[in-house]
Each structure stands twice: as C-alpha cells, then as structure tokens.
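Reader: Could you walk me through one part of this model in some detail? I'd like to see how the pieces fit together, sheet first and charges after.

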Amino acid sequence: QVQLVESGGGLVQAGGSLRLSCAASGGTFSNRVMAWFRQAPGKDRDSVAAISWSGGYTYYTDSVLGRFTISRDNAKNTVYLQMNNLKLADTALYFCAAGRASSGWSVNARRPNEYAYWGQGTQVSVSS
C-alpha cells in the first residue's frame with residue numbers, strides 16, 4: 001500500500017509561485033508513473049501534469065504549459081510541481097497520484113483511472 005502526502009499549498013497572489021511536494025511511502029516509487037491532478041469546487045478532478053519513471057516523459061494540460069513543471073527525485077520518493085505565474089483559475093485542491101507498479105508510460109497518463117493511489121490533497125488559492 002502506497003501512502004502519499006502532499007505539502008506546499010497556500011495562498012498566493014496572482015503572478016506568484018508555489019512548489020508542491022508529494023512524499024510517497026509504503027511501496028515502490030521509482031517504477032510508478034506519478035501525476036498531479038486538481039479539483040475546483042463544483043468541478044471534476046482534472047489532470048495537471050504527469051511524469052514517467054525516470055522523468056524522461058512528461059505530460060501537461062494545455063492551461064499550465066510553460067508555467068508549471070513536474071519533476072521527481074526517486075532517491076527521496078518525492079514528486080514535485082513547481083507552479084509559476086499563478087492565475088486565479090489555478091485555485092483548486094491539488095492531489096498527487098501514483099500509478100500501478102511497473103505500468104509504463106502511455107497516452108493515458110492524464111486519466112484518473114490510470115492511478116491506484118491518491119493523497120489527501122493540498123489547497124492552492126490564488127488571489128487578485
């Protein structure tokens with residue numbers, strides 16, 4: 001069983017930056033695709049970014065391209081989301097997700113049902 005704990009959320013003004021972290025424990029990490037999703041009030045959970053085992057492949061939803069960067073440190077069992085130039089529309093609860101062990105990278109990395117484990121979320125609020 002993999003446990004995921006997100007941190008780094010908070011309140012920031014538009015144009016500011018935050019760095020989210022997700023620490024994994026209880027299972028293997030380096031052979032799992034990792035991802036960030038977000039959910040705003042009254043909306044569905046949407047993909048934000050995903051990263052392959054070694055970090056060689058990444059995916060970003062269009063609205064965060066050029067502003068967000070996903071990365072991972074397999075030695076620390078941690079995945080990160082650097083968020084720059086934050087916008088009001090980025091306000092949401094951000095979730096970390098871990099894929100099934102040894103499941104490879106695919107075009108489905110953006111789909112929630114590709115992920116077996118989820119964290120509790122960290123709130124990101126952007127003010128004007």
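Reader: Let's start with a single pairing: in β8, which residue is the bridge partner of L18?

Author: That's M83. Before going further, keep in mind that this is a predicted model. L18 belongs to strand β3, which covers residues 18-25, and β8 takes in residues 78-83. Those two strands pair in the antiparallel sense, with six bridges between them.

β3 also pairs with β1, again antiparallel, this time over five bridges. One spot to look at there is L4, which stands opposite A24 in β3. β1 itself runs over residues 3-7, and its two faces are not alike: L4 and E6 sit on the covered face, while Q3, V5 and S7 sit on the uncovered one. So when you look at L4, you have a residue that is on the covered face of β1 and that has A24 across from it in β3.

Now zoom out a little. Four strands make up an open sheet, in the order β1-β3-β8-β7, and the pairing is antiparallel. β1 and β7 (68-73) are at the edges with a single partner strand each, so each has one side with no neighbour in the sheet. Going from one strand to the next, the twist averages 15 degrees.

On to the charges. Side chains of opposite charge can pair when their charged atoms come close. Here the count comes to two salt bridges. In one of them, the side chains of R38 and D90 meet at 2.9 Å, N to O. That pair ties together distant parts of the chain: R38 is in strand β4 (residues 34-39), D90 is in the loop between β8 and β9 (92-99), and they are 52 residues apart.

D90 also meets R67 through their side chains, at 2.7 Å, N to O. This is again a link between distant parts of the chain, 23 residues apart, with R67 in the loop between β6 (58-60) and β7 and D90 in the loop between β8 and β9. Put together, R38, R67 and D90 are linked in a network of salt bridges.

And is that network buried or exposed? The cut-off for buried is under 20% relative accessible area. R38 has 12% relative accessibility, so R38 counts as buried. D90 has 2%, so D90 counts as buried too. R67 is likewise buried.

Definitions and conventions. Residues numbered from 1 in each chain as written. Predicted model: local features only at pLDDT ≥ 70, side-chain atom pairs only at ≥ 80, totals over all residues. Heavy atoms only, no water. Buried < 20%, exposed > 50% of the residue type's maximum accessible area, 1.4 Å probe, protein only. Pairing = 2+ DSSP bridges. Axes fitted to C-alpha atoms, helices over the stretch in contact; angles between N-to-C directions. Salt bridge = Lys/Arg side-chain N within 4 Å of Asp/Glu carboxyl O.
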